Amino acid sequence: MAISVFDLFKIGVGPSSSHTVGPMRAGALFVQGLRERNELEQVSRIEVRLYGSLSATGVGHGTDNATIMGLMGEWPDQIDPTLIGPRISELRETNTLQLDGRLPIEFRWERDMLLLDENLPYHPNAMTLVAYAQDGDLLHEDTYYSVGGGFVVDAAQAASGVLDADQTVLPYDFNSAAELLELCKKNDMRVSQLMMANELTWRSEADIRAGLLKLWRAMQECVNNGLKYEGTLPGGLNVRRRAAKLHRNLQEIGKPNVIGSTMSAMEWVNLFALAVNEENAAGGRMVTAPTNGAAGIIPAVLHYYMRFSDVVDESNVVDYLLAAAAVGILCKKNASISGAEVGCQGEVGSACAMAAAGLADILGGTPPQVENAAEIALEHNLGLTCDPVGGLVQVPCIERNAIAAVKAINAVQMALRGDGEHFISLDQVIRTMRDTGADMHDKYKETSRGGLAVSAIEC
Ligand code: SF4
């Protein structure tokens, strides 16, 4: 399976990659299939069946609304997030869904949006979409699995075991950190250089750079949006947005030096992460990195570097994202980046390790130091459960991103003080994440049936 940097970083909407971005894509793919088979005009009714984690925490994560927007022909990277609320309100008032954005069909929410208390065999994030013809007969039905990071596979792909249709042969393919290090050594490449060489298989260097800088601009826009708003986040928990006030406070304190690890420097990292994750919780425009729940960590560390280092240029952005993606690929291939599969260690842990790898690379770290930084960052997220209060991506998710962003920087500092030699390898930590996730009780895997989700309600 070949994974590109552009698979791991995608422009989308909040609050969740697996529960919002993936389901919207599934809805849009379903409609696309109906259109290609010339069945669209025959549809009289659509039924949405949400299973497992999509059912348990889907309403808090906007899964229901996102699926509807997909059925309306919207895609996560193109939709205007501010229009989702008004369009859902209109549908609920009129009981009319504009299929593919143009064909009105009846949609009665209580009848047609089903939250089912069962799991499908392949993955906890499952949904079935059913289209009925004018005479009431079944026209088409398909099941989709949102497997994390906005990736979606349909029933046929799941059954075949081929989760990624992309079987591209890469010049420097790697399936483990050991292989990555060996390739870097043999070809005298940095991690980011090796990743660039692989990306050239799909796109020109100019397109790769332009694409990564577009992602960086979207990350910057997300932080700026997150600094604009105050008040409480939607969803009913009354969680207050903190980034705008913190920003005002920090501007009064003054500008820190990136090299100094002062309290105020750490607070800037907190600020960038809080801004992104508050914007995510509010359903704003996001860059999935590699998921939405953990989307604050990678931008926070990059913002910090870009804003406060003495010498920066856009090539730092490109190298940072490429090196980060190398570790994201390892986590995805050998464990998971899905909270529903392995808990939050797969989301925040993977993002923390990715950010550490990216920062170590642009600070001049050797490949072993980059691997060491990622290993330290991931190791200290092992066992992290996913227990979002109220099924919302707010508590503990928002603060957790800030903590993990600071942890990533600390991991880099430790790794760069060494020579890359260390006791536990990144491969061993990723394997441990996979095994710990397999042993983890389902109530700690994005179901909001255990941990903080339960304690907070009891209190
Ligand atoms: S606890 Fe972690 S994995 Fe779960 S929703 Fe929050 S950020 Fe995502």
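Two strands are taken to pair if DSSP finds at least two bridges between them. With that in mind, the tour of this predicted model opens on a strand and then moves to the aromatic rings.

**First stop: strand E2**

Select residues 43–51, which form strand E2. This strand is mostly covered, since 7 of its 9 residues are buried. Now add strand E5 to the selection: E2 and E5 pair in the parallel sense, over 3 bridges. To find a point of contact, select Arg49 of E2, which has Leu114 of E5 opposite.

Next, show strand E6. E2 and E6 run antiparallel, and 8 bridges join them. Here Val43 is the residue to select, with Ala133 of E6 standing opposite. While viewing these strands, it may help to recall that side chains in a regular strand alternate between the two faces of the sheet.

**Second stop: Tyr122 and Tyr145**

The model contains 5 aromatic pairs. A pair of this kind is described by the distance of the ring centres and the angle of the planes. Select Tyr122 and Tyr145: their ring centres are 5.0 Å apart and their planes lie at 80 degrees, which is over the 60 degrees required, so the pair is edge-to-face.

Where in the chain do Tyr122 and Tyr145 lie? Tyr122 is in the loop between strand E5 (113–115) and strand E6 (125–133), whereas Tyr145 belongs to strand E7 (residues 138–148). The two are 23 residues apart, and their pair links distant parts of the chain. Colouring by accessibility separates them: Tyr122 is partly exposed, with a relative accessible area of 32%, while Tyr145 counts as buried at 7%.

**Third stop: helix H13**

Move to helix H13 (residues 263–281) and select Trp268 and Phe272. Their rings form a tilted pair, with 6.0 Å from centre to centre and 40 degrees between the planes. Trp268 and Phe272 are separated by about one helical turn, because they are 4 residues apart in the helix. Both residues are buried.

Keep these two selected and add Tyr304 and Phe308. Ring pairs link Trp268, Phe272, Tyr304 and Phe308 into a cluster.

**Last stop: Phe151**

Finally, select Phe151 together with Lys10 and Lys332. Which part of Lys10 sits over the ring of Phe151? It is the charged end of Lys10, placed 4.4 Å from the centre of that ring. Lys332 also lies over the face of Phe151, at 4.1 Å from the ring centre.

Technical notes. Residues are numbered from 1 along each chain as its sequence is written. This is a predicted model: local features need pLDDT of at least 70, side-chain atom pairs count only at pLDDT 80 or more; totals for chains, interfaces and linings use all residues. Side-chain values use heavy atoms; hydrogens and water are left out. Rings of Phe, Tyr and Trp (its six-membered ring) pair if their centres lie within 6.5 Å; planes under 30 degrees apart count as stacked, over 60 as edge-to-face and the rest as tilted. Buried means under 20% relative accessible area, exposed over 50%, partly exposed in between (1.4 Å probe, protein chains only). A charge sits over a ring if NZ of Lys or CZ of Arg is within 6 Å of the ring centre and within 35 degrees of the ring normal.
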